[in-house]
Amino acid sequence: MSPAGSDERWSDVVVDRELRERLRPALRFLFERWWRVTLRGIERVPRDGPAILVGNHSGALPLDAVMLAYALDREEEAASPRRVARVLYDRFIEGIPPLADFYRRAGGVPARYQVADALLRRGELVVIFPEGVGGVAKLFDDRYRLQRFSTSAARLAVKHRAPVIPFSIVGAEEAYPLLGRSQEGNAPLGAPYVPVTPFFPLLGPLGILPLPTKWTISFGSRIALHREKRFGGSPNFEAMTARVRRSVEVLIRRSLDERESVFLG
């Protein structure tokens, strides 16, 4: 997440509730039928007030962010009231105006420090994928191996005395098994790379269809970085970030150890 820039207008973008409702049937199908998502620990997400969700990013395309946001806004989830998750998306999206407009209307915002800062001041729920593009760009052989985390979540959590809720998403890595990254043809899209999977670009548009893997989204216990004595005195954001990263890694390993099949369940 870039700390540069002072433009906070993105945090004031009104979420298009009508658009979200129109998307709900398709998202419900993906969530319940295609990926058959299991939720664990969603009651750990605060019902109100500022909070930061931090987790792993994977799957070549950011569908994990879409399913996470839907999970937090489900009508069926009685254990936790519906909340609009303000997912921070990579800045290259701004180079694709139609996609950027769609993301913003759906609740997304650019991954800028001051945007997240403004959202937390308003008591919103912010989702940060601290691996950035490095997360979704992991090759299949490196699946579920966390990349370096940025320290933005720790800095924001201390500044706003907001809880960090670690989460993991298991299943997205196999939905789009990334075999390679092509730099050819990415300039018109503004994307950092073109994903190469067993089916794309070999099968053309049909190859974009994700595999019906079984997903598990797990939420860990809340972490109050500003209260932990080990971080007393001058804040050590690197150490705080390492602490959050370990929590995400534990959730990933637990889900991997417990799943019986990539596709069944």
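**Exercise 1.** Which residues form a nonpolar patch on the surface, and what is their accessible area together?

*Solution.* Keep in mind that this is a predicted model.
- Step 1: Find Phe 199, Leu 202, Leu 203, Leu 206 and Leu 209, which make up the nonpolar patch.
- Step 2: Take their accessible area together, which is about 530 Å².
- Step 3: Place one of these residues, Leu 209, in the loop between β8 (194–196) and β9 (216–219).

**Exercise 2.** Describe the protein chain as a whole.

*Solution.*
- Step 1: Start with the elements: the protein chain has eight helices and nine strands.
- Step 2: Turn to burial, where residues count as buried under 20% relative accessible area. Of the 265 residues, 50% are buried.
- Step 3: Look at the outside: the accessible surface is about 12500 Å², and carbon and sulfur atoms hold 55% of that.
- Step 4: Consider contacts with a separation of 6 or more; 79% of them involve residues 24 or more positions apart.

**Exercise 3.** In what order do the seven strands of the open sheet stand, and which strands are at the edges?

*Solution.*
- Step 1: Read across the sheet, whose order is β1-β9-β6-β2-β5-β3-β4, with mixed pairing.
- Step 2: Go to the edges, β1 (38–40) and β4 (109–110); each has a single partner strand, so one side of each lacks a neighbour in the sheet.
- Step 3: Zoom in on β6 (residues 164–170), which runs antiparallel to β9 and is joined to that strand by four bridges. Here Val 170 is opposite Thr 216 in β9.
- Step 4: Add helix α8 (residues 237–258), which packs on the sheet and touches β1, β2 (51–55), β6 and β9. The directions of α8 and β6 make an angle of about 35 degrees.

Terms used: Residues numbered from 1 in each chain as written. Predicted model: local features only at pLDDT ≥ 70, side-chain atom pairs only at ≥ 80, totals over all residues. Heavy atoms only, no water. Patch = residues over 30% accessible without salt bridge, like charges linked within 9 Å, V, L, I, M, F, W, Y side chains within 5 Å. Areas by Shrake-Rupley, 256 points an atom, 1.4 Å probe, with all protein chains shown as cover. Salt bridge = Lys/Arg side-chain N within 4 Å of Asp/Glu carboxyl O. Helix = DSSP H or I, 4+ residues; strand = E, 2+ residues; numbered from the N terminus. Buried < 20%, exposed > 50% of the residue type's maximum accessible area, 1.4 Å probe, protein only. Contact = heavy atoms within 4.5 Å. Pairing = 2+ DSSP bridges. Axes fitted to C-alpha atoms, helices over the stretch in contact; angles between N-to-C directions.
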